[in-house]
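Got your viewer open? Load the model below and keep a selection box handy, and we'll go from stop to stop.

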Amino acid sequence: MTDFTSADAQVFLGAVPSASLCVNAGGVILFANEAVLAIAGPGPLTRTPVSRLLPQWHALSATQAQSYRRETVLLRHDGSAIPVELSIVRWDREGASLTGVVIRDLIDEQALDHMRLELERQREQVLAEAEAAHRRLGFIIDMLPLAVCVFDAEDKYVLWNARYADLYPEIAAHLRPGISFRDILRISLDSGEMPEKVEDGDHWLEQRMAKHALPVSQEEQMLRDGRWLRHDDRRTPDGGAIGMRIDITDLKRREDSMRQLFDANPMPMMLCALDTLDIIDLNQAAIALYGFSRDELLGKAVTDLHVADEGARFGKAIVDIDGDSESRTVWRHRTAAGEERHVLIYVRFLNEGANRHLLLTIADVSDRVQAEAHATHLAHHDALTGLPNRMRFRQALEAALVAAMLSGEEVAVHYLDLDGFKPVNDTFGHATGDSVLKQVAERLTGVLGEGDLVARLGGDEFAILQHASAANAEAVAKRCIQALSQPFSIADDRIDISASIGIAVSPANGSDPDGLMSAADTALYQAKAEGKNTWRHSRSQV
């Protein structure tokens, strides 16, 4: 029994239905029954190290227990490993230590078969679902209005739609799942019929592949026939890629038309950022208006062009409006030469994705403003002398009387008429008379105090509005008479005239314009009646 050669023992162990074997103290298998061979597979076991069958035997046999159980793995002859449970018993026989091992396969072969069948069923189901998803994806991309192609992680074609094949007829016959993108590009180049403009084929190919490898690649390209394509390639999370080709010919034409309308528009136009009002684009008319270079204007905000504090006002006005605006405010802008220009600004809001811009159309109305100012000036001033006329004098007098009532001050009116002026016109002509009237205006203006106003009422009649007491009014009247008593030199002619003045003071002589002017007129006639070249106060009282 020491070397396990007893025929009876071998017959007994061979009849055991469980996989059993006997191992000596040196770890050598002395006997293994048929059940062990059924598990391990065909091949010799007797007289071989047990560690070949049970790789963890050294650790399993290290315990001192006489009998015990352990789970481990059994290494089959085909190299596969299966989980097993070992029931181990030790005994000593005639001085020799033997170990009996009963092996139980922990894998139910039927369960394994069932598992294999289930896995196969699931694999087929997954494949069927993948094929269905592939068909659905193909159907979807065929419905898209743009050309689409799909690549795997090795840049090989997976899917493409009919529009993609129609766009590149030179490669349509070569498209198949699994062909590489590089091969298709090479076929397109070699065909000589590719729609794209290419000068250096090899360089173009490497550039195209480099762009294709980017996470996101976008490019606009003009084709040989004048059409424009937008390439939009994006990498997918699994390493593949999706490519889209969009025909943007109509869009480019509209952009070109809009650009021409912008650049060639005779109205100055600017595109500004909404948040900062920085100028981000402008047309040639704007450059011509302001006199700055394009780069100089692109470095400015539109508010920098405004005069004084108008920039802040314009910025606030832009913030307050909530839509397109037709300008009603005349703004003042300054040019590169320092000139002031009056402009109307028409505002349009433009949305470009998440960005909002302002399109400003600028109308230079400087000539109109100047014409209106000149017309206003003419309406309120004498055309010959440039002095305020009767209308302007009355407006100023009304305002002065209102202010005087509030402040309690006096207002004096001087009604002045030239003595001996009619003979000047009769003798020297109206041109000389006009020259005399101009010099009269200059002399009267020269003797007035700050804030006083002299006006020509018509013919040789003048009026002075003075913010002063009666005593000061007399001093002004004396200066006027003295100034006009000096000879006038017109060409080679010496002309002598004088002036008579009537003075009325508010509120003593009246508190309304008509009453005060009437009182001054009456005083003027008194001055003329008493010898001319003098002044008189109104005697009327209120």
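## Stop one: salt bridges

Select Arg230 and Glu220: they form a salt bridge, with the closest N and O atoms 3.2 Å apart. Arg230 sits in strand E9 and Glu220 in strand E8 (residues 216-222), so this pair links distant parts of the chain, ten residues apart. Bear in mind as you click around that this is a predicted model. Colour by accessibility and both partners come out partly exposed: Arg230 has 27% relative accessibility, and Glu220 has a relative accessible area of 37%.

Stay on E9, which covers residues 228-235, and pick Asp233; its partner Arg208 is in helix H8 (residues 201-212), so this pair ties together parts that are 25 residues apart in sequence. The two side chains meet in a salt bridge at 2.9 Å, N to O. Are these partners buried or exposed? Asp233 is buried at a relative accessible area of 3%, and Arg208 is buried too, at 6%.

Next, select Glu340 and Arg332, whose side chains meet in a salt bridge of 3.6 Å, N to O. Glu340 is partly exposed, with 30% relative accessible area, and so is Arg332, with 28%. Now add Glu310 and Arg334 to the selection: salt bridges with shared partners join these four residues into one network. The model's salt bridge count comes to 29.

## Stop two: a cluster of rings

Show Phe151, Tyr157, Trp160, Tyr164, Tyr168 and Phe181 as sticks; ring pairs link them into a cluster. A pair of aromatic rings is described by the distance of the centres and the angle of the planes. Put centroids on Phe151 and Tyr157: the ring centres are 4.6 Å apart and the planes are at 55 degrees, so this pair is tilted. Move on to Tyr157 and Tyr164, where the centres are 6.2 Å apart and the planes are again at 55 degrees, so that pair is tilted as well. Phe151 is buried, at 3% relative accessible area, as is Tyr157, at 2%. Tyr164 is buried, like Tyr157. The model has seven aromatic pairs by count.

## Stop three: two open sheets

Switch to cartoon. What is the strand order in the antiparallel sheet of five? It runs E2-E1-E5-E4-E3, and the sheet is open. Strands E2 (29-32) and E3 (67-75) are at the edges with a single partner strand each, so one side of each has no neighbour in the sheet. Neighbouring strands here are turned by 25 degrees against each other on average, direction ignored. Zoom in on E3 and E4 (residues 81-93), which run antiparallel and are joined by nine bridges. Val73 is a good one to label: its bridge partner in E4 is Pro83.

The other open sheet also has five strands, ordered E17-E18-E16-E21-E22, but with mixed pairing. Its edge strands are E17 (453-458) and E22 (535-537), each pairing on one side only. The average turn between neighbouring strands is 20 degrees, direction ignored. Select E16 (residues 411-419) and E18 (residues 461-466) to find six bridges between antiparallel strands; Leu416 has Phe462 as its bridge partner in E18.

## Last stop: a surface patch

Turn on the surface and select Phe139, Ile140 and Met143, a nonpolar patch with about 350 Å² of accessible area together. Met143 lies in helix H4 (residues 109-143) and counts as exposed, at 55% relative accessibility.

Methods
Residues numbered from 1 in each chain as written. Predicted model: local features only at pLDDT ≥ 70, side-chain atom pairs only at ≥ 80, totals over all residues. Heavy atoms only, no water. Pairing = 2+ DSSP bridges. Helix = DSSP H or I, 4+ residues; strand = E, 2+ residues; numbered from the N terminus. Axes fitted to C-alpha atoms, helices over the stretch in contact; angles between N-to-C directions. Patch = residues over 30% accessible without salt bridge, like charges linked within 9 Å, V, L, I, M, F, W, Y side chains within 5 Å. Areas by Shrake-Rupley, 256 points an atom, 1.4 Å probe, with all protein chains shown as cover. Buried < 20%, exposed > 50% of the residue type's maximum accessible area, 1.4 Å probe, protein only. Phe/Tyr/Trp six-rings, centres within 6.5 Å; stacked < 30°, edge-to-face > 60°.
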